Amino acid sequence: MERFQKLILIPLILTASLPGLGFCYSIIDGPTNATVLAGSEARFNCTVSVGWQILMWLSNGNPVLTVLNSQGAIETLDRFTSQNYTSSNGFTSELIIHNTQLNDSGKIECSIQQPGQSSFAFLSVQVNGSLFIKNSTLTVKENQTVEIVCEALGWAPAPDITWMTNDSFIDKSRYVTQQSQGSKDLHNALSILTLTPTDTEILTCLADIEALPNPQNATVTVIFVNSTTENDYSEDNGSTRVIVLAVVLSFVGIILLIVIIAVVVRCCCLKKKRKWTLFIFRKVSSEKKKDGNLENRQRHGSENQGYIPEELWNTEKNPRIASLPPMSSKFTVPAADLHTSSVSKVRPQRLISPKKIRNVTLV
């Protein structure tokens, strides 16, 4: 809103001031052309004689800043500011354009609103793009012709490309440069250098525009290899391969040896562990068996193998004593004695059968 009011105020001030002007003043020294890189500052000076009343700055016909003798500078855009200097000869206004952009390029005008009293200059805003060579190192053989490509992208205007070898400029007939339109009013360039090297050299591609203090550059190292050097290189390369192969095989052999030793040690440990386990198991089984036999002895006793029964001992000692015949369960009585048995009862003799006695001695 404030900017809008300032823009309306400028014509009103001009309308009120011009009819009452009785002074005659002029521009003593106007602005000069400037070329800057995008993003930097651009400065323009305009000096007017004593008695001035108003000074206006215009960019491509559009007012961007106004300076009044009675009020000072009226800034309408943030990127456009001024510094003022007063001397005995007149008044100097310096226009400062901050963060210049590509569309700022054009006519910068200083006006004191007097017929025929204006001075202008031109602003050129340039863009520094990128520059590169695809290969930073290139190896060529004897009598081999190569093409080296240098590419510049996103420049404004299109850069001027040159080539150097070992700090000496290369003749323009040895390379071709093509320019093309890029996006956003930017330009691209492609330069192709053709040469047949006879020795190792360093090539430099240079891209230059007016706003650059020093050209931008990209380098490539061309390594020249002749037949003798190539053979030596092949022999060295073969020897290097043999050495590397021997080292690798030795390393692999050491690793395999370590693995085999580890496997053998592991197997021995496992075998020893199994033997020890079997020994413990047998020992435990034997102890359990002994404990079982002891328990049986304590419970049932043990048989005395040297014991001789009493009956056998008496028989052996008195052979005349014969063992009694077995007693029959049936009795046979003669018929003549049947009547007598009815009168007088015959009491049968009680025979005692021998008993077998087994003595057990507990230990």
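Modeller: Let me start with the rule for aromatic pairs: rings of Phe, Tyr and Trp, the last by its six-membered ring, pair if their centres lie within 6.5 Å. In this predicted model, the count by this rule comes to 3 aromatic pairs.

Colleague: Thanks! Why is the pair of Trp52 and Phe91 called stacked?

Modeller: The centres of the two rings are 4.4 Å apart and their planes stand at 20°. Planes under 30 degrees apart count as stacked, so with 20° Trp52 and Phe91 are a stacked pair.

Colleague: And what makes you say that this pair ties together parts that are apart in sequence?

Modeller: Trp52 belongs to the loop between β3 (42-49) and β4 (54-59), while Phe91 is in strand β8 (residues 90-97), so the pair ties together parts 39 residues apart in sequence. Both Trp52 and Phe91 are buried.

Colleague: What makes Phe120 and Phe122 an edge-to-face pair?

Modeller: Their planes make an angle of 85°, with 6.0 Å from centre to centre. Edge-to-face needs planes over 60 degrees apart, so 85° earns the name.

Colleague: Are these two rings buried or exposed?

Modeller: Neither word fits, because partly exposed covers the range between 20% and 50% relative accessible area. Phe120 has 43% and Phe122 has 44%, so each counts as partly exposed.

Colleague: How do you know that Lys107 lies over the face of Phe120?

Modeller: The distance from Lys107 to the ring centre is 4.3 Å, and the rule asks for NZ of Lys within 6 Å of the centre and within 35 degrees of the ring normal. Lys107 is listed as lying over the face of Phe120.

Colleague: Let us turn to the sheet. Why are β1 and β7 called edge strands?

Modeller: The sheet is open, with 4 strands in the order β1-β3-β8-β7 and antiparallel pairing. β1 (27-29) and β7 (80-86) each have a single partner strand, so one side of each is left without a neighbour in the sheet. Neighbouring strands here are turned by 30° against each other on average, direction ignored.

Colleague: How do you know that β7 and β8 pair?

Modeller: Two strands pair if there are at least two bridges between them. β7 and β8 share 7 bridges in the antiparallel sense, so they pass that test. Phe80 stands opposite Ile97 in β8.

Colleague: Ser93 is also in β8. Why is Ser93 called buried?

Modeller: Buried means under 20% relative accessible area, and Ser93 is at 0%, so the word applies. Its side chain makes a polar contact with the side chain of Trp57 at 3.2 Å, and the limit for such a contact is 3.5 Å. Beyond four places in sequence, Ser93 touches several residues, including Phe44, Leu55, Val67 and Ser82.

Colleague: What about Leu65 in strand β5 (residues 62-68): buried or exposed?

Modeller: Leu65 has a relative accessible area of 1%, so under the 20% limit Leu65 is buried. Leu65 and Leu95 are 30 residues apart in sequence, yet 8.2 Å apart from C-alpha to C-alpha. Leu95 is among the residues that Leu65 touches, as are Ile74 and Phe80.

Colleague: Which backbone nitrogens does the side chain of Gln126 reach?

Modeller: That of Glu210, at 3.3 Å, and that of Ala211, at 2.9 Å. The limit for a polar contact is 3.5 Å. Gln126 lies in strand β10 (residues 117-126) and, with a relative accessible area of 5%, is buried. Its contacts beyond four places in sequence include Thr35, Ala156, Pro157 and Ile209.

Colleague: What kind of peptide bond joins Ala156 and Pro157?

Modeller: A cis bond, with omega about -5°. Pro157 is in the loop between β13 (146-155) and β14 (160-165). Most peptide bonds are trans.

Colleague: Where do you find a positive phi in a residue other than glycine?

Modeller: At Asp167, with phi near 70°, and at Asp185, with phi near 60°. Most residues other than glycine have a negative phi. Asp167 is in the loop between β14 and β15 (168-169), and Asp185 in the loop between β16 (175-181) and β17 (187-195).

Colleague: Why are Asp167 and Asp185 called exposed?

Modeller: Exposed means over 50% relative accessible area. Asp167 has 74% and Asp185 has 57%, so both qualify.

Notes: Residues are numbered from 1 along each chain as its sequence is written. This is a predicted model: local features need pLDDT of at least 70, side-chain atom pairs count only at pLDDT 80 or more; totals for chains, interfaces and linings use all residues. Side-chain values use heavy atoms; hydrogens and water are left out. Helices (H or I, at least four residues) and strands (E, at least two) are DSSP runs, numbered from the N terminus. Buried means under 20% relative accessible area, exposed over 50%, partly exposed in between (1.4 Å probe, protein chains only). Axes are lines fitted to C-alpha atoms, for helices over the stretch in contact, and angles run from 0 to 180 degrees between N-to-C directions. A polar contact is a pair of N or O atoms within 3.5 Å; within protein, one must be able to donate a hydrogen and the other to accept it, and residues adjacent in sequence count only if both atoms are side-chain atoms. Contact means heavy atoms within 4.5 Å.
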